[in-house]
Amino acid sequence: MEPTKEQELRAKVKKAASEYYSEVFGNKRTFDYIPPSGKLLGEEELLNMIDASLDMWLTAGRFNKEFESKFAKYMGVKHALSTNSGSSANLLAFSALTSHKLGDRALKKGDEVISVAAGFPTTINPIIQNGLIPVFVDCEIGTYNIDAGKIEEAITPKTKAIFLAHTLGNSYDLDKIIELSKKYNLWVIEDSCDALGGEYKGKKIGTIGDIGTFSFYPAHHLTMGEGGAVITNDSQLYKIIMSFRDWGRDCCCPPGKDGVCAKRFSQQLGNLPYGYDHKYTYSHVGYNLKITDWQAALGCSQIDKLDGFLEIRKRNAELLTKLLSHLEDYLILPIVKEGVKPSWFGYLISVKEDVPFSKQELVEYLENHKIGTRQLFAGNILRQPMIVDNDINFRIANSSLMNSKDLKEEDYKLIPNTEFIMNNTFWVGTFPALGEEEIKRIAKTIEEFVKEKI
């Protein structure tokens, strides 16, 4: 069959774009400054984005449908829903659990949610934004995840959910958390934004709780520039999450499509008149958090490369461990527990107490030697302006309800490992654009610093 004129022109545009990519981006990147995170894009991503542009479809379309299908298949779940960021994924996942459609299991204002203070704000923000009470349990040193042995003592009759991030791709104790969720009838949201592709006892991280969330920001395991996803095996939750993502509407029609439910003009919902257009019927106080097809086109190419990306991250992390293991009198290197296969968003290092240098000194030395570092995000979020400068209710495990205006220095002693993480922990990069040369340079610079100090 002869190609159409449109197909011929599209092929010419993509051929020119391929030549452009080869000329402008084709050479291997070298690093003067080694960043802690970054994207790795190829010709396929550029061609997919151009293909989407030539469609002139401005919102989610054929590429989004393809990406959601690919992502669900990769994760081994029934449902995957794209959204415009990992933070939005967290907001959607948590907001969905407040839906009236969940009956007695719906989260309500004043209910408590188990989490940690060492992490990224947007794991905590949806709890506060929905009027619930975050309950902060201390973390482990080495995995930097929640100390699962301390969760049960933090549970009260008001506790209704557990909402935790897998720290930098290293899984927490999901056996214990699922056991507690069943015992106390708790929802579990796995914030897997930093853990795509990681595994816990042979199961993909993000698939074990009720809902999993992911981020596709350029720092993450695959990128759409901006973007994220929510996954679940629960068809009711999927429909609720979609409603919250799509303005809160009751209808499940994708953009540009009508009548998918075949009940567009044959329902009576709320106090609306019978037959009111289902496309303009709203069952939740929702948002518009969809992505564009350009983003989805990028994701379709990236997901095909994901396993290769993960293998490079693993190789980089293992090389760092090998090269730094002789410094364990001074540094704490990451701990991986039995049954966990991390996806290595970054490589966490802690400076031990009572050594002749501080984390701050080491971080500044690395940055001055053109090696990028990052903190474990908020460190201790209870010390952040977002908490102390606002009127926020919360609990620290084994304490009564507190308000941010009443925080005292002694309160932070209730989560000593979180305080240690804030003061002693940082991370360096493992992302797939880094090769053996860069990893050796990172390790050598750390070694040279330690030798200077001792």
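Does Ser85 count as buried or exposed, and what relative accessibility stands behind that label? In this predicted model, Ser85 counts as buried because its relative accessibility is 16%, which falls under the 20% cut-off for that class. The points below begin with the surroundings of Ser85, move on to Cys139, and then take up strands and cavities.

**Ser85 and its surroundings**

- Ser85 sits in the loop that lies between strand S1 (79-83) and helix H4 (86-96).
- A polar atom of the Ser85 side chain lies 3.3 Å from the backbone nitrogen of Ser87.
- When neighbours within four places in sequence are left aside, the residues in contact with Ser85 are Phe214, Gly227 and Gly228.

**Cys139 and its surroundings**

- Cys139 belongs to the loop between strand S3 (133-136) and strand S4 (159-165), and this residue is buried, because its relative accessible area is 0%.
- Once neighbours within four places in sequence are set aside, Cys139 is in contact with Val116, Ala118, Tyr144, Asn145, Ile146, Asp147, Asn417, Thr418 and Ile421.
- Ser87, whose backbone nitrogen was named above as the partner of the Ser85 side chain, is 52 residues from Cys139 in sequence and 22 Å from Cys139 in space, taken from C-alpha to C-alpha.

**Strand S12 and its partners**

- Strand S12 covers residues 346-351 and is mostly covered, with six of its six residues buried.
- In a regular strand, side chains alternate between the two faces of the sheet.
- On one side of S12 stand Gly346, Leu348 and Ser350, on the other stand Tyr347, Ile349 and Val351, and all of these are buried, so that both faces of the strand are covered.
- Strand S10 (residues 331-332) is joined to S12 by two bridges, and the two strands run antiparallel; within this pairing, Leu331 has Val351 of S12 as its bridge partner.
- Strand S16 (residues 425-429) also pairs with S12 in the antiparallel sense, over five bridges, and here the bridge partner of Gly346 is Gly429 in S16.

**A three-stranded open sheet**

- Strands of a sheet pair through backbone hydrogen bonds, in either a parallel or an antiparallel way.
- Three strands form an open sheet in the order S7-S6-S11, and their pairing is antiparallel.
- The edges of this sheet are strand S7 (203-204) and strand S11 (340-341), each of which pairs on one side only.
- Strand S6 (residues 199-200) is joined to S7 by two bridges in an antiparallel arrangement, and Tyr200 has Lys203 in S7 as its bridge partner.

**Cavities**

- The structure holds three cavities of 30 Å³ or more, and the largest of them contains about 60 Å³ of space.
- The largest cavity is lined by Gly142, Thr143, Tyr144, Thr167, Leu168, Asn170, Pro334, Trp344, Gly346 and Leu348; by class, this lining has five nonpolar residues, five polar residues and no charged residues.
- Several residues named earlier return in this lining, including Tyr144, which is in contact with Cys139, and also Gly346 and Leu348, which stand on one side of strand S12.
- The second largest cavity contains about 50 Å³ of space, and among the residues that line this cavity are Gly38, Lys39, Leu40, Pro218, His220, His221, Phe309, Arg313 and Pro432.
- By class, the lining of the second largest cavity has five nonpolar, five polar and two charged residues.

How values were computed: Residues are numbered from 1 along each chain as its sequence is written. This is a predicted model: local features need pLDDT of at least 70, side-chain atom pairs count only at pLDDT 80 or more; totals for chains, interfaces and linings use all residues. Side-chain values use heavy atoms; hydrogens and water are left out. Two strands pair if DSSP finds at least two bridges between them. Helices (H or I, at least four residues) and strands (E, at least two) are DSSP runs, numbered from the N terminus. On a 1 Å grid over the protein atoms alone, a cavity is a set of points where a 1.4 Å probe fits but cannot get out, and a pocket is an open set with protein on both sides within 12 Å along at least five of seven lines; lining residues have an atom within 4 Å of a point. Grid points are joined across faces, edges and corners, and a volume is the space filled by probe spheres set on the points. Ala, Val, Leu, Ile, Met, Phe, Trp, Tyr, Cys and Pro count as nonpolar, Asp, Glu, Lys and Arg as charged, and the others, Gly among them, as polar. Buried means under 20% relative accessible area, exposed over 50%, partly exposed in between (1.4 Å probe, protein chains only). A polar contact is a pair of N or O atoms within 3.5 Å; within protein, one must be able to donate a hydrogen and the other to accept it, and residues adjacent in sequence count only if both atoms are side-chain atoms. Contact means heavy atoms within 4.5 Å.
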